[in-house]
Amino acid sequence: MAKRLKRTRAKAAVGVDAGGTYTKIGVVTPDGRVLREAQIPAEVQAGPEAFAGRVAGLVESWTAAGGFALAGLGLGLAGDVDSERGRLRFTPNLRGWDGFDFRKALGRRLGCRVAVENDANVAVWGGFIMELKRKPRNVVGVTLGTGVGGGLVCEGSLYRGSTGSAGEIGHNVVEPGGELCHCGRRGCLEAYVGSYGIVRLARRVVEKDPARARILTALCPELDRLEPRHLSQAADQGDEAAKEVWALAGGYLAIGLANVVLLLNPDVILILGGVSRAGRWILDPVEKHFAAQPFRTAFARARVKLAAATRAGWIGAAMLAMENAA
Ligand SMILES: [Zn+2]
C-alpha cells in the first residue's frame, strides 16, 4: 500500500473536525490545496459507530470519484483523546463516544492510517501550518468557541504532554471561586471567555444598567438569544455595556495568556475560533496587559495574532495524519 501511494502524484489526506453540532470534513494535499470539503451534522446521539460509518461512506464516495490517493485520515475530537490508541477517554460534548476505537473502525474500512487527536490540537496545528507557515518555533494556540481549548507547538512539533492532555488553557483558574465552568469547577478561563461565559457576563452587565445597553438591546432584544457577535456589533457602534463586557472578558483572557507566556515564552499566541471574530475588542485588553508586564523580554516577543482560517481544524487533522503516515 505504502509503495503504491509513493508512486501516486496526487497524494492527499482526509481531515475530520467533529464538533458537538456538526462535523467539518475535507481533503487536502501536503502543500495545502483543498480538493474536497463538506459539512455533515454530528448526530452525536446516534453513537460513534454510526458517525464513523457516515464519515467512511463520504470518504469512499470521494475516493471512488478519483483525483487523489488517500494518504491517511486525521480525526479531531472534542475531549481528552488518547492519540496513541486512537480513542476518546473523556468528553463532555460528545456523550457516549468515549472508549470507541475510531482508529480501528475507520482504518479497517478505508485501509489507511488514522490519526486521532484532540480538536484544539488539530486546530492549532492547522493554524500553525496555514496561518504561520510553520515559521515560528514556539506557538501557543487558543481556540475560543463555546469552550476554550489550547494547543502547544514546541520547537516546531505538536507538544502533547505525558498523556496527550497538554494545553488545556481554558481550565486554568483565573478567578478563584468565580463563575461556574462547564467542567464543573469555578473560575476557569473558559467560564469568562467561552461564548457561554461571555454571554453570562453580558447579561449581568445589561441587568445592572440597561440604559447603557440601548444599542445592544436594539440589535438583540431577547437577552436569551444573545451571542458574542451581537456584542461585537454593539461595541463597534459605541454601546457602553458591550464595551464593558469585552473589557472584562478580554481582561481574563489577558491574565490566562500572561501565565502561559511566563511558562512557555512563545513566539506567537494564535487565537482561533468563532469568538476571535471580535477582533480588536478581544485583542486590545490582551496587548495592554502584556505591555504592562515587568518581564519585558518574554512579553515583547509574544506576538498575539488572530487567525483568519476557518478550516484550521480539519486541515490540521489531515496534515497530522500525513505526517504520522510518512
Ligand atoms: Zn473548567
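Visitor: What makes strand β1 and strand β2 a pair, and in which sense do they run?

Guide: In this predicted model, β1 (residues 11-18) and β2 (residues 22-28) are joined by six bridges in the antiparallel sense. Pairing requires at least two bridges, so six bridges satisfy the criterion. Within this pair, V16 stands opposite I25 in β2.

Visitor: How do you know that β2 also pairs with β3, and which residue stands opposite Y22?

Guide: Seven bridges join β2 to β3, and the requirement is at least two, so these strands count as paired too. They run antiparallel, and Y22 stands opposite P41 in β3. The hairpin of β2 and β3 has five residues between the strands, and G32 takes a positive phi near 90 degrees there.

Visitor: Why are β3 and β7 said to stand at the edges?

Guide: The open sheet has five strands in the order β3-β2-β1-β4-β7, with mixed pairing. β3 (34-41) and β7 (114-118) each have a single partner strand, so one side of each is left without a neighbour in the sheet. From one strand to the next, the twist averages 15 degrees.

Visitor: Why are helix α2 and helix α3 called roughly parallel?

Guide: Helix α2 (residues 48-65) and helix α3 (residues 102-110) pack at an angle of about 30 degrees, with their axes 10 Å apart. Angles under 35 degrees count as roughly parallel, and the two helices are therefore placed in that class. α2 passes α3 in a right-handed crossing. On the α2 side, the contact is made by P48, F51, A52, G53, V55, A56, G57, V59 and E60, and on the α3 side by F102, A105, L106, R109 and L110.

Visitor: What makes up this contact of α2 with α3 by residue class?

Guide: The contact has ten nonpolar, two polar and two charged residues. Gly counts as polar, so G53 and G57 of α2 belong to the polar class. Glu and Arg count as charged, so E60 of α2 and R109 of α3 belong to the charged class.

Visitor: Which strands does α2 lie across, and at what angle does it run to β3?

Guide: α2 lies across β1, β2, β3 and β4 (69-77), and its direction is at about 150 degrees to β3. Angles over 145 degrees count as roughly antiparallel, so α2 and β3 are roughly antiparallel to each other.

Visitor: How is the chain divided into domains, and what joins them?

Guide: Domain 1 comprises 2-128 + 311-325, and domain 2 comprises 136-307. Their C-alpha centres lie 28 Å apart. The contact between them takes 15 residues from domain 1 and 20 residues from domain 2.

Terms used:
Residues are numbered from 1 along each chain as its sequence is written. This is a predicted model: local features need pLDDT of at least 70, side-chain atom pairs count only at pLDDT 80 or more; totals for chains, interfaces and linings use all residues. Side-chain values use heavy atoms; hydrogens and water are left out. Axes are lines fitted to C-alpha atoms, for helices over the stretch in contact, and angles run from 0 to 180 degrees between N-to-C directions. Helices (H or I, at least four residues) and strands (E, at least two) are DSSP runs, numbered from the N terminus. Angles under 35 degrees count as roughly parallel, over 145 as roughly antiparallel, 65 to 115 as roughly perpendicular and the rest as oblique. A crossing is left-handed if the near helix is turned anticlockwise from the far one by less than a right angle, and right-handed if clockwise. Contact means heavy atoms within 4.5 Å. Domain bounds come from an automatic or database domain assignment.
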